[in-house]
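Thank you all for making the time this morning. I would like to walk through one structure with you, a few residues at a time, and then spend the second part on the ligand and its surroundings.

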Amino acid sequence: MKSIPSEPEVRDWTMLVDGEWTTSADGETIPIENPATRSVFARVPRGRDADVDRAVAAAQVAFAQWKRVPTRERGRALLRIADALEARSEEIARLLATETGNALRTQARPEVRGSIEMIRYFGGLCGEAKGESNVPVEGTINYTVREPLGVVGAIIPWNSPLIVAANKIAPAICMGNTVVLKTAEDAPLAMLEMARTFQEFLPKGVLNVLTGFGAECGVALVQHPGVGKLTFTGSTNVGKSVMHAAAERVLPVSLELGGKSPNIIFPDADEDWVADATIAAARVTRQSQSCTAGTRVFVHDSIFDSFVSRMAEKLSAMKVGDPLDEQSDIGSLINKKQFDRVCAYISDGLADPAAHLVTGGLPPTQGPLTKGYYTLPTIFASDSNDWRLAREEIFGPVLCAIRWRDESEVIRMANDTHYGLAGFVFSRDVNKALRTAHSIQAGLIQVNHGGAPYPGQSFGGYKQSGLGREFSLEGMLESFTVRKNICVVLRD
Ligand code: NAD
């Protein structure tokens, strides 16, 4: 007798509202696909207006108490959450790799570790909400206090959901705010698991985590009159609509948006470690699905061929495959829409007579990689910064290597973009490197390394890459508190 193949197990998840794990008000769900196998393996609630109403109401009630909790207790709660997450980090990393397609070893584990570090960092900053004081006239005291803003409405993307969420939740609740966070529809699960640990150490309603579509749950959250602050990370176009909604109510808003970051390689930097750091800067192990990806690689004419082949050799040696396989360097893209989009950009590059394919190209049409949304790391070489592939945020592992000859020309090309999130510079000549770093119009410049920002380094964009800063003490104070000035006259 033939055995009937069993359906892959599809687990139903709930979301966190007022300390309870709940379905959506109307019971509808959204399927969650594993991008490495293209199969649905989970369903989450399809949150809408009624769910946002409940979550915001719960966060408003919780705010009245939470803002009064002594700062050291709020800090201690965050430190405990970080320790408890440490014990669950492997389980959460595997879930993150499964839902995002990001490779476990190179990406998902480091993201969980980074998120825990971020929570711990903010846990240690609770006593830092200091104001200023002065005595403008004898007999008066003028001082400021920093107060929380109320309910923070936070919206996150799918590409690095935990680190982005940790950077919103931890500073917000550290300063006495409460939070309603909307996860991204493609990758909500690791965030829900992280929320489970937050909930163990927080009073109900301090953190609420919703799942749902942007056009339904996201819109309802940004327009909700009970929200006192909006923080959004995602695409520039949606960021603009969030800013419009904030403008209607004159609400403080932080936006962390897209990018197309330049990476400038000087003639003295034709070295292996620079090629490795350039691959890291281009976030290739996250399939370049990163807002800071340095995918416009400006290489000096004198080393162009040698440096670009160095990079091509390294990229072609990287293993693309199952995100859960310890051998995989690179996993799969997030979904079919992104896969089709990235393939369209590659086809565009292949059809352009001014561009030359150095490595990669369209994904294979046969073999194990066709099981998921896998793409190959790809480099196109060109002399121009003006073509579509060099101007638009691809959000896939497609690098443009662009030749330059003089410093002013490369700085002009680097800045010739409406984005300004990050930039990378490689040279052993500190004068040149720093002169260039100061000339790039972007919020984060890495010199001689391709890593992500460290906790404590303010992070945010210039131009259409965003507004406001997060990741740091200054970012926390700017983004999650409001200053009040109190002027006292001492009477005899
Ligand atoms: P997206 O803008 O489509 O979605 C981001 C989030 O916004 C999701 O949770 C989505 O559901 C929600 N959303 C969508 N439409 C909405 C609406 N009208 N109102 C309210 N919420 C809405 O972006 P994405 O495709 O998920 O993520 C990729 C983008 O995010 C890229 O442009 C990337 O550069 C950017 N990003 C920026 C940073 C940063 O720190 N600057 C970090 C990560 C990603």
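Let me begin with a question: which backbone oxygen does the side chain of N167 reach? Before I answer, please keep in mind that what you have in front of you is a predicted model, and that the distances and areas I quote are computed from it. The answer is the backbone oxygen of I163, which the side chain of N167 reaches at 2.8 Å. As for its setting, N167 sits in helix α5, which covers residues 161-174, and with a relative accessible area of 1% this asparagine is buried.

A second side-chain contact worth looking at involves S290, a residue of the loop that runs between α9 (272-281) and β14 (296-300). The side chains of S290 and T292 are joined by a polar contact of 3.1 Å. Is S290 buried or exposed? Its relative accessible area is 4%, and since anything under 20% is counted as buried, S290 falls on the buried side.

Let me stay with buried positions for a moment, and add some distances along the way. I264 belongs to strand β13, residues 262-265, and at 0% relative accessibility I264 is counted as buried. Its C-alpha atom is separated by 9.4 Å from that of T278, and these two residues are 14 apart along the chain. G331, in the loop between α10 (304-317) and α11 (336-351), is likewise buried, with a relative accessible area of 0%. For G331 the partner I looked at is P225, which is 106 residues away along the chain, and there the C-alpha atoms are separated by 41 Å. Then there is A355, in the loop between α11 and β15 (356-359), which counts as buried at 14% relative accessibility. The C-alpha atoms of A355 and D383 are separated by 8.1 Å, with their positions 28 residues apart along the chain.

On to the cysteines. How many disulfides does the structure hold? The count is zero. C400, for instance, is in no disulfide, and the nearest cysteine sulfur, which belongs to C343, is 16 Å away. C400 is also buried, at 1% relative accessibility.

Next, a point about backbone geometry that you may want to check on your own screens. Most residues other than glycine have a negative phi. R38 is not a glycine and yet has a positive phi of about 60°; this arginine is placed in the loop between β4 (29-34) and β5 (39-45), and it is partly exposed, with a relative accessible area of 34%. N448 is another residue other than glycine with a positive phi, near 60°. Its place is in the loop between β19 (444-447) and β20 (466-467), and with a relative accessible area of 28% N448 is partly exposed.

That brings me to the ligand. Which residues come nearest to it? Of the 26 residues around the ligand, these are I156, E185, S235, L257 and E393. Two of these also appear when we turn to the oxygen atoms of the ligand: there is a distance of 2.6 Å from a ligand oxygen to an N or O atom in the side chain of S235, and likewise 2.6 Å from a ligand oxygen to an N or O atom in the side chain of E393. On the backbone side, a polar backbone atom of G234 is 3.3 Å from an oxygen atom of the ligand. Taken on its own, the ligand has 840 Å² of accessible area, and the protein covers 87% of that.

What is the shell around the ligand made of? Its residues divide into 13 nonpolar, nine polar and four charged. In terms of secondary structure, α7 (214-222), β11 (229-233) and α8 (236-248) each supply at least two residues of this shell, and α7 gives the most, with three.

I will finish with one last question: why can we say that the ligand lies between two domains? Domain 1, which takes in 11-257 together with 464-485, and domain 2, which is 262-454, both give residues to the shell, and therefore the ligand lies between them. I am happy to go back to any of these residues in the discussion.

Conventions:
Residues are numbered from 1 along each chain as its sequence is written. This is a predicted model: local features need pLDDT of at least 70, side-chain atom pairs count only at pLDDT 80 or more; totals for chains, interfaces and linings use all residues. Side-chain values use heavy atoms; hydrogens and water are left out. A residue is near a molecule or strand if one of its heavy atoms lies within 4 Å of it. A polar contact is a pair of N or O atoms within 3.5 Å; within protein, one must be able to donate a hydrogen and the other to accept it, and residues adjacent in sequence count only if both atoms are side-chain atoms. Accessible areas come from the Shrake-Rupley method with a 1.4 Å probe; for residues, only the protein chains shown count as cover. Helices (H or I, at least four residues) and strands (E, at least two) are DSSP runs, numbered from the N terminus. Ala, Val, Leu, Ile, Met, Phe, Trp, Tyr, Cys and Pro count as nonpolar, Asp, Glu, Lys and Arg as charged, and the others, Gly among them, as polar. Domain bounds come from an automatic or database domain assignment. A disulfide is a pair of cysteine sulfur atoms within 2.5 Å. Buried means under 20% relative accessible area, exposed over 50%, partly exposed in between (1.4 Å probe, protein chains only).
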